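Hi,

Here is the model I promised to pass on. Have a look at it first, and then read on for what turned up.

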Amino acid sequence: MFQLSIFLENTKGRLAEVLNLLTQLNVNIRALSLADTKDYGVLRIVVDEPEKVAEAMRVREYVVNLTPVWVLRVPDRVGGLAGVLTQLADEGVVVEYMYAFVEKENEKAQVVIRVQNEQVMAAAMQKLALA
Amino acid sequence: MKMKQEEKRLLQGLQKTVERVLNIPYYQGRLADIGIKQAGDIQSLEDFQRLPLTSKEDLRLNYPFGLFAEPQEKIVRLHASSGTTGKPTVVGYTQHDIELWADIVADGLRRAGISNQDVIQIAYGYGLFTGGMGLHYGSEVLGALTVPISGGNTQRQLMLMQDFGTTVLACTPSYALFLAESLEEAGIARNELRLRKGVFGAEPWTEGMREEIEHRLGIEAYDIYGLSEIMGPGVSMECSEHHGLHIDEHFYPEILDEQGNPCPEGVKGELVITSINKEAFPVLRYRTKDLTTLRYGNCSCGHTGWTMDRVSARVDDMLIIRGVNVFPSQIEEAILSVGGVEPHYMLVVERVGSLDQLEVQVEVNSRSFVDEVRELEALQSRVQRRIEEITGISVRVRLVEPKSIPRSEGKAKRVLDKRKG
Ligand SMILES: [Zn+2]
């Protein structure tokens with residue numbers, strides 16, 4: 001699946017502006033993370049119909065990119081996430097970054113993972129029957 | 001000068017200009033100071049090179065009409081350039097001057113392969129600024145269909161460009177870029193336009209910017225040069241060879257170093273121009289503050305005489321950062337050579353403690369944006385390193401969002417110097 005990555009300048013109120021726009025566009029943000037530096041940041045969000053949202057944002061002059069990511073359900077026990085990540089690492093998966101979120105309906109913890117190599121990840125997912 | 005006969009003709013032209021400026025009390029006094037009382041006192045180009053230089057300051061001292069060589073009843077038009085401080089500088093034209101100027105511009109356009117078959121959209125400002133009207137009269141003399149739309153009103157520019165079948169666009173390079181961007185935004189495809197050439201000037205631009213404009217608009221771009229104190233656009237212009245700008249024979253160019261001594265052919269220095277056969281506002285050795293080089297020769301387009309390189313920088317645009325001279329065009333060159341960012345930039349100079357700091361703001365390009373901060377940081381440091389290689393100073397590069405740097409409909413303002421005022 002795809003996440004939206006949005007380039008944002010670190011100016012006062014800019015993040016709120018984007019979130020307001022997404023509200024106006026009636027977009028439900030399922031997961032969110034912000035990676036930032038002193039001057040700018042990259043806002044990453046998981047939404048329904050990412051292509052449609054990306055287009056609506058591009059029209060409004062945002063720099064938006066659709067980035068392939070993986071969403072995994074994490075076993076609900078101590079060391080659950082560590083276990084999954086260890087298994088993936090053993091299969092040669094290199095994680096670029098990840099962020100967690102909780103699905104509202106079932107309150108299950110999930111993680112969004114961006115990997116270096118999509119094919120390696122796909123193979124690992126199949127082998128480990130995580131998909 | 002290569003040929004004796006041409007040297008003689010040139011000297012005659014210069015003598016006539018000296019004769020003409022001797023009618024103006026201000027010049028008369030300055031020439032008398034070095035013992036020049038009549039044009040006949042100038043017997044060689046060496047004699048001529050001893051004459052005093054004229055600067056914008058001399059024009060200000062004689063504001064508004066003090067340097068006119070004709071009585072007011074013979075002057076049919078005024079133009080003026082905005083002074084950054086105080087009064088503008090004012091220039092006048094007789095009917096003869098207006099016609100001469102139009103012929104000069106028409107010649108330049110012709111050498112660029114533009115003809116009476118063309119539709120020329122003139123998006124330079126009309127008014128006291130010479131850009132719009134200068135191109136306008138030249139275009140009419142050429143017999144081209146002339147569209148005097150002036151600058152600004154971008155949506156109308158795009159509409160008429162399509163409806164009138166514009167083939168040649170004339171404006172500042174920064175406005176050309178803005179129009180290109182606006183065409184993309186409006187979703188107007190290249191094949192809906194008949195645009196084939198662009199005539200761009202009135203601000204210094206780089207070879208990288210030319211490629212960018214040519215690529216985005218799908219045209220061939222020509223550099224045109226001029227300044228109102230000399231006449232206006234058309235003092236020099238590129239032909240289809242694109243090997244520098246041919247200087248019209250009505251202008252005698254010199255290149256001087258910082259001490260005012262002549263530079264050898266091919267060495268960069270300040271361009272100094274003397275007008276030949278201009279009536280109302282003759283100029284004697286006028287310091288343009290533009291840095292370039294000169295060479296003499298023939299071109300396949302039929303031009304014989306002086307050709308100048310594109311003006312890489314204006315003395316007035318020079319920033320002194322921690323004692324090092326930096327020109328905005330160097331930053332432009334660096335930014336365009338790296339790629340991954342838009343060709344729009346803003347330079348912010350500040351004094352932090354006792355040190356000058358130059359911040360270069362540049363827009364992230366949406367096509368090359370990748371999601372990782374690491375990649376953005378790499379892009380940032382690539383731009384930074386390239387600028388440091390070209391200018392020799394360390395700068396701070398700041399990536400900003402697209403369209404966040406103000407676009408210009410005329411001359412772009414690219415420097416914010418917070419050290420002043
Ligand atoms: Zn030529």
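A quick word on vocabulary first: helices (H or I, at least four residues) and strands (E, at least two) are DSSP runs, numbered from the N terminus. With that in hand, chain A reads β-α-β-β-α-β-β-α-β-β-α from its N terminus on, which comes to 4 helices and 7 strands.

Before the rest, some housekeeping. This is a predicted model, where local features need pLDDT of at least 70 and side-chain atom pairs count only at pLDDT 80 or more, while totals for chains, interfaces and linings use all residues. Residues are numbered from 1 along each chain as its sequence is written, chains are lettered from A and ligands numbered from 1 in the order in which they are written, and side-chain values use heavy atoms, with hydrogens and water left out.

Chain A on its own

The C-alpha trace of chain A spans about 40 × 30 × 30 Å along its principal axes. Of its 131 residues, 41% count as buried (under 20% relative accessible area, with exposed meaning over 50% and partly exposed in between; 1.4 Å probe, protein chains only). Taking contacts (heavy atoms within 4.5 Å) in chain A between residues at least 6 apart in sequence, 64% join residues at least 24 apart.

Where A meets B

Here 23 residues of chain A touch 21 residues of chain B. The two chains bury about 1800 Å² between them, with carbon and sulfur atoms giving 49% of that; buried area is the accessible area (1.4 Å probe) that two parts lose on being put together, summed over both.

There are 7 salt bridges between the chains, a salt bridge being a side-chain nitrogen of Lys or Arg within 4 Å of a carboxyl oxygen of Asp or Glu. One to click on is Arg114(A) with Asp371(B), whose closest N and O atoms are 4.0 Å apart. The interface also has 13 residue pairs in polar contact, both residues at pLDDT 80 or more. (Polar contact: a pair of N or O atoms within 3.5 Å; within protein, one must be able to donate a hydrogen and the other to accept it, and residues adjacent in sequence count only if both atoms are side-chain atoms.)

On the chain A side, strands S1 (2–9), S3 (40–47), S4 (64–68) and S6 (95–102) each supply at least two residues. S1(A) has the largest share, with 6 residues. By class, that side of chain A has 9 nonpolar, 6 polar and 8 charged residues; Ala, Val, Leu, Ile, Met, Phe, Trp, Tyr, Cys and Pro count as nonpolar, Asp, Glu, Lys and Arg as charged, and the others, Gly among them, as polar.

Inside chain B

Chain B splits into domain 1 (93–314) and domain 2 (318–417), with bounds from an automatic or database domain assignment. Their C-alpha centres lie 27 Å apart, and the contact takes 25 residues from domain 1 and 18 from domain 2. About 1700 Å² is buried between these domains, 52% of it from carbon and sulfur atoms. Glu181(B), Thr206(B) and Met209(B) supply 25% of the area that domain 1 buries there, more than any other three residues.

The domains share 3 salt bridges, and Glu181(B) meets Arg407(B) in a salt bridge at 2.8 Å, N to O. They also have 9 residue pairs in polar contact, both at pLDDT 80 or more. On the domain 1 side, H8(B) gives the most, with 7 residues.

Cheers
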